[in-house]
Amino acid sequence: MAISTNDGVKVWQRRDRNGQLKLWAMWLVGTAVFMWSWQQISSVTTWAFFWDAPRIAADIGGRAVPPRWSYMDQLWEPLWDTLNIATLGTVMALMMAVPVAFLAARNTTPSAMFIRPIALLIIVSSRSINSLIWALLLVKIIGPGIFAGLIAIAIRSIGFCAKLLYEAIEEIDEAQVEAITATGASRWQVMAYGIVPQVLPAFAGISVFRWDINLRESTVLGLVGAGGIGLQLQGSLNTLAWPQVSLILIIILLAVIVSEWVSAKVRGAII
Amino acid sequence: MLRLEKLTKVYKTGDKALSDVNLEVPKGQVLALIGPSGAGKSTMIRCINRLVEPTSGTVTLDGVEISKLGAGGLRRERRRMGMIFQEYALVERLSVMENVLSGRLGYVGFWRSFLRKFPQSDVDEAFRLLDRVGLVEMADKRADELSGGQRQRVGICRALIQDPSVLLVDEPTASLDPKTSRQIMRLIVELCEERDLAAIVNIHDVALAQMFVSRVVGLEKGTVVFDGAPEELTEDVLTRIYGQEDWSETIQKVEDDDEEDAAK
């Protein structure tokens, strides 16, 4: 905001001269960086493959239809596994995320100096590693299978759930907590009456949201050997069985649509 | 008998909210605490039940020195001090009944309260109180479905079910319309009479205070600058508490209102 006086008239402009110049300079630098990056990528791209791409895609697409519907017989079980990985993983994550969230929230932590940083560290370290990488590690540690996938999903979800939950805890109305405290209630009673009712809708929303995400993530965990439908996907890809691949992709799409619908219903019911 | 002696509160920021406040509230007396915003009214009330820790000085309730108690003792004594709040401070997502029963938390163990298994005598008392304030058919409603006046009535029930010997009332009418304000003030004063309760009522509305209480204390910058009967609140006194302003209207209005009320 710039206000200047010109011949005794007060002039208002959105930016003054300096601000305007800075803005132009920033756009110039930004454009230059973009052009340079573009050129770098272009020089290492094998353009022959690129121009070929539509034809290859059409070829694969052609081979993928019609999907091999009879393959469905072998998909029910991995699909059930996938659903279990997502659901149990979310439940396990929530059991650990709730205490971590209460320890991390500024208004409920027993010690802002010592315990809160530890809780935040748990949250950050769980969030910083993708569940696919957790799965890769865990397959090496506890062997391939559903259990590795379950743990990978759970570990990745702790941070996500705890972060959103502790933010919800920090946003509660302190007056209600004060009122319950004033009745002579104990620390745990204040928690149960003053805090929990206020964060319950957030908790439900977060749980369903994360379950929804986990269902999608658990479909790819099989790629690294951690069980579920991803295992079939990998097998089909490796053997170039395109009709099977297309069927699996359709199934995943349907599963995600169903989970989307379920979570919307649950959220609507609670809030 | 509630006694404050040399009660002082200095916040971490260095603001002196209360300095050397001495006050005695005998059993059954309803006292209005008036003063400009930031005079320390809320701080004073919260220093009594130690929602705010006083810096120095003592608070004594019926011979027990509250300011010296440990965590367990403080919780036991808080049961004897009912508190009523400006924005009602009900737990919005719990039912009216749960909100009223939460006044018994200090008497009931964690699991019983967690499972909502309150003793029948508490439930009976809750129904009696809700009936007294005219909300008995609302018992199963969620608190956020109620109107402002109804919520404040639930707040009053929550405070009274504690079976307190003193009520700490923080701006009970600040979020209510004029008519509901009077009804709520009247209800508080009546209930105090019925139960022989002492009460400290923080209030902005001088006229409303004059209408209902027998004693007015004026607080300014953390010190008591007036302590007397409501009739003694002259223009000079109001100027001393709130600063220079034309007060004739305020006092005049009280008389008008009283006549109106009497005419009804």
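Biologist: In this predicted model, how do the axes of α3(A) and α9(A) cross, and is that roughly parallel or oblique?

Modeller: The axes of α3(A), residues 76-104, and α9(A), residues 229-238, come within 7 Å of each other. They cross at roughly 135°. Angles over 145 degrees would count as roughly antiparallel. That makes the pair of α3(A) and α9(A) oblique.

Biologist: Which residues make that contact, and how many of them are charged?

Modeller: On the α3(A) side you have Pro78(A), Leu79(A) and Thr82(A). They meet Ile229(A), Leu231(A) and Gln232(A) of α9(A). Sorted by type, the contact of α3(A) with α9(A) has four nonpolar residues and two polar ones, and the number of charged ones is no more than that: none.

Biologist: α3(A) also packs on α8(A), so to speak; how far apart are the axes there?

Modeller: α3(A) and α8(A) pack at an angle of about 135°, and they are therefore oblique to each other. α3(A) passes α8(A) in a right-handed crossing. As for the spacing, the axes are 8 Å apart.

Biologist: Which residues meet there, and what is the split by type?

Modeller: From α3(A) come Thr82(A), Ile85(A), Ala86(A), Thr87(A), Gly89(A), Thr90(A) and Leu94(A). Facing them in α8(A) are Ser207(A), Arg210(A), Trp211(A), Asn214(A), Leu215(A), Ser218(A), Thr219(A) and Leu221(A). Thr82(A) turns up in this list and also in the contact with α9(A). The residues of the contact of α3(A) with α8(A) come out as six nonpolar, eight polar and one charged.

Biologist: Let's turn to chain B, then: how many residues of chain B does chain A touch?

Modeller: On the chain A side, 19 residues take part. Their partners in chain B number 21.

Biologist: Which helix gives the largest share of the chain A side?

Modeller: Two helices, α7 (174-182) and α8 (187-221), each supply at least two residues of the side of chain A that touches chain B. That side divides into ten nonpolar, eight polar and one charged residue. The largest share, eight residues, comes from α8(A).

Biologist: Now chain A as a whole: is it a compact globule or more spread out?

Modeller: Chain A has ten helices and two strands, and its elements run β-β-α-α-α-α-α-α-α-α-α-α from the N terminus on. Its radius of gyration is 26 Å, while the globule rule gives 18 Å for 271 residues. Since 26 Å is well over that figure, chain A is more spread out than a compact globule.

Biologist: What box does chain A fill, and how much of chain A is buried?

Modeller: Along the principal axes, the C-alpha atoms of chain A fill a box of roughly 75 × 70 × 35 Å. Of the contacts in chain A with a separation of 6 or more, 70% are between residues 24 or more positions apart. Of its 271 residues, the share that counts as buried is 34%.

Biologist: And why does chain B count as compact?

Modeller: Chain B has ten helices and ten strands. For its 264 residues the globule rule gives 18 Å. The radius of gyration of chain B is close to that, so chain B is as compact as a globular protein of that length, at 19 Å.

Biologist: What share of chain B is buried?

Modeller: The C-alpha atoms of chain B fill a box of roughly 55 × 50 × 30 Å. Residues 24 or more positions apart account for 69% of the contacts in chain B with a separation of 6 or more. The buried share of the 264 residues is 43%.

How values were computed:
Residues numbered from 1 in each chain as written. Chains lettered and ligands numbered in written order. Predicted model: local features only at pLDDT ≥ 70, side-chain atom pairs only at ≥ 80, totals over all residues. Contact = placed C-beta atoms within 7 Å. Helix = DSSP H or I, 4+ residues; strand = E, 2+ residues; numbered from the N terminus. Nonpolar A, V, L, I, M, F, W, Y, C, P; charged D, E, K, R; others polar. Rg over C-alpha atoms; globule rule 2.2 N^0.38 Å. Buried ≥ 20, exposed ≤ 12 C-beta atoms within 10 Å, placed from the backbone. Axes fitted to C-alpha atoms, helices over the stretch in contact; angles between N-to-C directions. Parallel < 35°, antiparallel > 145°, perpendicular 65-115°, else oblique. Left-handed = near helix turned anticlockwise from the far one by under 90°.
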